[in-house]
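Got the sequence and the 3D view ready? Let's walk through the strands together and see how they line up.

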Amino acid sequence: MSPFTRRAFLGTVALGLAGCTSGNPLILPTDPLVSRTESARGGTGRTRAVTLTATRSQVDLGGPVVDTWTYDGALPGREIRVGAGDLVEARLVNRLPADTSVHWHGLALRNDMDGAPPVTQAAIKPGEDFTYRFVAPTPGTYWFHPHTGTQLDRGLYAPLIVEDPAEPGGYDAEWVIVLDDWLDGTGTDPDEVLAGLRRRGGHSMHGMTGLGGDVPHPHHLINGRVAAAPVTFAAKPGHRVRIRFINAAADTAYRVALSGHRMTVTHTDGFPVTPVDTDALIMGMGERYDVLVTLGDGAFGLVALAEGKNATARAIVRTGSGAVPDVRPAELDGKVVTYDELRAVAPLSARKPDVVHRMALTGGMMSYEWGINGRTGDLTPARVRSGQRVRLEFANTTMMWHPMHLHGHTFQLGGPRKDTVIVRPGQTVACEFDADNPGQWMVHCHNAYHAEAGMMTALGYEESR
Ligand SMILES: [Cu+2]
C-alpha cells in the first residue's frame, strides 16, 4: 500500500494550505480557475465517449497465459483516438480488488481530470466509477494508465492518439507500437516485487548505456505479445508508414530498430521536431517517439532491446516473402539519435526564468528508498504562479537513471519539447515551461518502483497576490 493512497483526498495540498506561512494560497483542482482555463481552450464541440472497465483478466501473451488486470480484457487496452480539441468523456468502472485512477500521460488537460490521487481526485474505490471529461488540447501520441500504486506494471495501459486535423499526413499507414516489460501473473505480481525490493534492496542491472533496470521482468512485449509470438504488420514495398512508439514499461528502457531500415524521427512526446534520420531510438519509460519509414521488400524485424537486461521484444513487418531476419538487427548498434540532435518545430521563445526549482534525485538500491531533495514521497508542492517561465533542474545524485515526468505541461528540453526526460547518473537536466495550466501537478520518476518508493513530488500553482 502506497503511503500516498492512505491520505485523504487533497490531504497533502490542504496541509500546504494550513502551513501558508510559506506562500500564497494554492490553486486547488477544485478552483474555478481550473474550469475557466478549460473553457478558454475552446474545442471542436465533438465528444468522444468511452467506457473503460478495469478488471481482472486472463491474457495470452502468445504462449504464457497470465492472470492480470486490464482495461476490458485487452492488452494493450483499446486505443482512444480523437481529434485535437475534442472532448474526451471516459467513464472508468473499477472492477479491480483495489483503488484505481486513470492518468492521461502527457496531456496539458484540466487539473481536476489528471487522475493523480490524492492530489487531483480521490482514488476510485472498488465497485465505484468515475467519468473523466476533458478537452484534448494538442495533437500527438499519448497514453493512459493508473496513477495508483504499482498498477502501471500490470496490464492497465493503452494509447491515446490525438490527431491533428491540419496535418498533411503523407503516409500510407499508421502503426501504434506499445512496448512493455512483464512480470504480473508469472508467479509474482508488482506489489510483491516492490515489497521484496524494500526488504532486500535491489540489484541494479546496468547495460552498455547504464540504462539497466532494478527488476528482472521475464517477458518483454510489443502490443501484448512475447518475441516468440510476434504481431505482424503487413504493408506494400515502398509504403511510407508512420510508427508511433510508446514505452509503457515499468522498469525498462528499450533500444528500438527496424531491420534493414533507417527511421526518420518526426515527433517527441507528441510534439513535432525537425525530421532527423536514425538507425535506433532509446526510449525511457513514459517516452514516445513518432517516426516515418519507407518500407523495403521482404520481412523485417521490429526489435526492442531491453537495455541492460539481455532480452528483446519484437514485431514483424512484412511487405513480401522471405524469412524474418535475426533477432538482433545491425541497426541496434548503429546511430542512436540523442536529445541534442532534436529541434522542436515550435520551440518556446527564449526567456529568462522567473523561478527555478532544483530537484535533486536521491536515494539508492540498498534500502530501496528513492526521493527528491532527500524527501521520500513528499507531495508538498514546489510553487509557481500563472504567467511565469519556470525552470526545473533535475540533478541525479544516484547510481541509477531516472525518466522524470511532469504532469500537465510539455517542457522545452534544449532542442525538443518533452514531458518525460531520461536523467542519467551524475547528470543535471534543465527543463523550462510556461506556467499556463493552473492546479497541482505531480512530478515523478516514471520507473513505477522508484515512484512508489518515494521519487515523487508536486508542482503547485499559487495565487498571485
Ligand atoms: Cu527513477
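Here is a short tour of two sheets, one after the other. Keep in mind that this is a predicted model.

A bit of background helps before we start: strands of a sheet pair through backbone hydrogen bonds, and they can do that either parallel or antiparallel.

Let's begin with the sheet of four strands. Going across this open sheet, you meet β2, then β1, then β4 and then β6, and the pairing is mixed. Why is one side of β2 and of β6 left without a neighbour in the sheet? Because β2 (65–71) and β6 (129–135) stand at the edges, and each has a single partner strand. The sheet isn't flat either: from one strand to the next, the twist averages 20°.

Now zoom in on β1, which covers residues 47–60. Strands β1 and β2 run antiparallel, and seven bridges join them. If you want a spot to look for, find S57, which sits opposite T68 in β2.

On to the other sheet. In which order do its six strands come? Read across and you get β10-β9-β12-β17-β14-β15, in an open sheet, again with mixed pairing. At its edges you'll find β10 (219–222) and β15 (271–278), each pairing on one side only. Neighbouring strands here are turned against each other by 20° on average, if you ignore direction.

Inside this order, take a look at β14 (residues 263–268) and β17 (residues 288–294). These two run antiparallel, with four bridges joining them. For a landmark, try H267: opposite this residue stands D290 in β17.

Definitions and conventions. Residues are numbered from 1 along each chain as its sequence is written. This is a predicted model: local features need pLDDT of at least 70, side-chain atom pairs count only at pLDDT 80 or more; totals for chains, interfaces and linings use all residues. Side-chain values use heavy atoms; hydrogens and water are left out. Two strands pair if DSSP finds at least two bridges between them. Axes are lines fitted to C-alpha atoms, for helices over the stretch in contact, and angles run from 0 to 180 degrees between N-to-C directions.
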